[in-house]
Amino acid sequence: MNVLNDKPDFSNLLSPLEAKILLQRLTTLTSNVNASSTDSWNLNNNQCLENVKSEWQRLERLERLATIKGLDGTPSLVNKYEQAATDWLIQLFNNLFVHQNVTLVRGQGEPEYFPAQNNEPARIEFAHGFFASALHELSHWCVAGEARRRLPDFGYWYAPDGRTAAQQQAFERVEIKPQALECLFTLACERSFEVSQDNLFADFDTSNSTFANDVYRQVQQYIAKPNILPSDAKTLLHALLSVSIADPE
C-alpha cells in the first residue's frame with residue numbers, strides 16, 4: 001500500500017491465516033494474565049460463552065443461506081440479522097465482563113456511556129441498535145481505562161458534525177486507537193470496516209487528512225505486537241476470534 005496516494009484497504013489486514021496466528025498469540029497472552037486472576041474466564045469451559053459460540057455459528061449459517069438464495073440484501077432479512085447479531089454481541093460482552101460491573105445496552109438514540117453509580121452497573125449504550133456502533137463504543141471503553149470509565153462519556157469532549165479544521169484534527173488524533181480496535185473487532189467478526197471521520201458537512205478541504213492511513217498503521221502495530229493492546233481489548237478480541245474461527249488449532 002502506498003500510504004501517500006492510496007486509500008488503505010482494511011480488508012487485507014487480517015487474512016484467515018493471520019487471524020489464526022493472532023488468536024494463538026492472544027491465547028498465550030490472556031492465559032498468562034488469567035492464570036493469576038480471580039476474574040479469569042475460559043471460553044471453552046464457560047457454558048454461557050459456549051452458548052454464544054453456538055449462536056454465532058447459527059448466525060453464520062443463516063447468513064450463508066441468505067447469500068445462496070440471493071436474499072442477503074432484503075431489508076427485512078438484513079434488519080433481522082442485524083438485531084440477532086447485536087443480541088449475540090450483547091450476550092458475549094455482558095458474560096465476558098460481568099466481573100467489571102458494566103453492561104452493553106442497545107440504545108434508541110445517540111451513543112452514550114454512563115459510569116456506575118447508585119449500585120447500578122456502568123452502561124455502554126450504542127446508537128440505534130447498530131452492530132457497528134456497538135463495536136465502536138466497546139473500542140472506546142477498552143481504550144478509556146479505569147479513571148476515565150468513572151466519567152460520563154469517558155470524559156471526552158464532542159463537537160458535532162460541522163467542526164472547524166482544528167476541531168477535526170483534535171477529533172482524529174483521539175480516534176486513531178479506538179477506530180484501530182474497532183477495525184480489529186470488526187474483521188474478527190468477518191465484517192468489512194471503514195474509518196469514520198464523522199464530519200460530512202466540513203467547510204474546509206479534508207483531502208490532506210492522513211486519518212485513514214494512521215488508523216491502518218495502528219491496526220498493523222496491534223497485529224504485529226498484540227501485547228500492546230489494552231488488556232480488555234485483548235480479552236474481547238480473543239473471544240471474537242475464538243468464536244469466529246472454526247478450527248484455531
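Two strands are said to pair if DSSP finds at least two bridges between them. With that in hand, the small β-sheet of this predicted model is a good place to begin. Strands E1 and E3 run parallel and are joined by five bridges. One of the contacts along this pairing can be followed by eye: Leu 104 has Ile 124 in E3 as its bridge partner. On the other pairing, E2 and strand E3 (residues 122–126) run antiparallel, with three bridges between them. Here Tyr 113 has Ile 124 in E3 as its bridge partner, and Phe 114 stands opposite Arg 123 in E3.

Put together, the three strands make an open sheet in the order E1-E3-E2, and the pairing is mixed. Strand E1 (102–106) and strand E2 (112–114) are the edge strands, each pairing on one side only. From one strand to the next, the twist averages 15°. Helix H4 packs on this sheet and touches E1, E2 and E3, with a direction at about 140° to that of E3. As for E3, four of its five residues are buried, so the strand is largely enclosed by the rest of the structure.

A step back to the whole chain helps to place the sheet. The chain holds seven helices and three strands. Read from the N terminus on, its elements follow the order α-α-α-β-β-β-α-α-α-α. Of its 249 residues, 42% count as buried. Contacts in the chain between residues at least 6 apart in sequence were also examined, and 65% of them join residues at least 24 apart.

The next feature to look at is a pair of helices. Two packed helices are described by the angle between their axes and the distance between the axes. For helix H4 (residues 131–148) and helix H5 (residues 165–188), the axes come within 8 Å and cross at roughly 125°. That angle makes H4 oblique to H5. The crossing of H4 and H5 is right-handed. On the H4 side, the residues that meet H5 are Ala 132, Leu 135, His 136, Ser 139, His 140, Cys 142 and Val 143. Their counterparts in H5 are Glu 175, Lys 177, Pro 178, Gln 179, Leu 181, Glu 182, Phe 185 and Thr 186. By character, the residues of this contact of H4 with H5 divide into seven nonpolar, five polar and three charged. Helix H4 therefore meets two partners, as H4 touches the three strands of the sheet and also meets residues of H5.

Two loop residues deserve a look for their backbone angles. Asn 119 lies in the loop between E2 and E3. Its phi is near 65°, which is a positive value in a residue other than glycine. With a relative accessible area of 81%, Asn 119 is exposed, since exposed means over 50%. Asp 153 sits in the loop between H4 and H5. The phi of Asp 153 is near 50°, again a positive value in a residue other than glycine. At 32% relative accessibility, Asp 153 counts as partly exposed, because that value falls between the 20% limit for buried and the 50% limit for exposed.

Technical notes
Residues are numbered from 1 along each chain as its sequence is written. This is a predicted model: local features need pLDDT of at least 70, side-chain atom pairs count only at pLDDT 80 or more; totals for chains, interfaces and linings use all residues. Side-chain values use heavy atoms; hydrogens and water are left out. Axes are lines fitted to C-alpha atoms, for helices over the stretch in contact, and angles run from 0 to 180 degrees between N-to-C directions. Angles under 35 degrees count as roughly parallel, over 145 as roughly antiparallel, 65 to 115 as roughly perpendicular and the rest as oblique. A crossing is left-handed if the near helix is turned anticlockwise from the far one by less than a right angle, and right-handed if clockwise. Contact means heavy atoms within 4.5 Å. Ala, Val, Leu, Ile, Met, Phe, Trp, Tyr, Cys and Pro count as nonpolar, Asp, Glu, Lys and Arg as charged, and the others, Gly among them, as polar. Buried means under 20% relative accessible area, exposed over 50%, partly exposed in between (1.4 Å probe, protein chains only).
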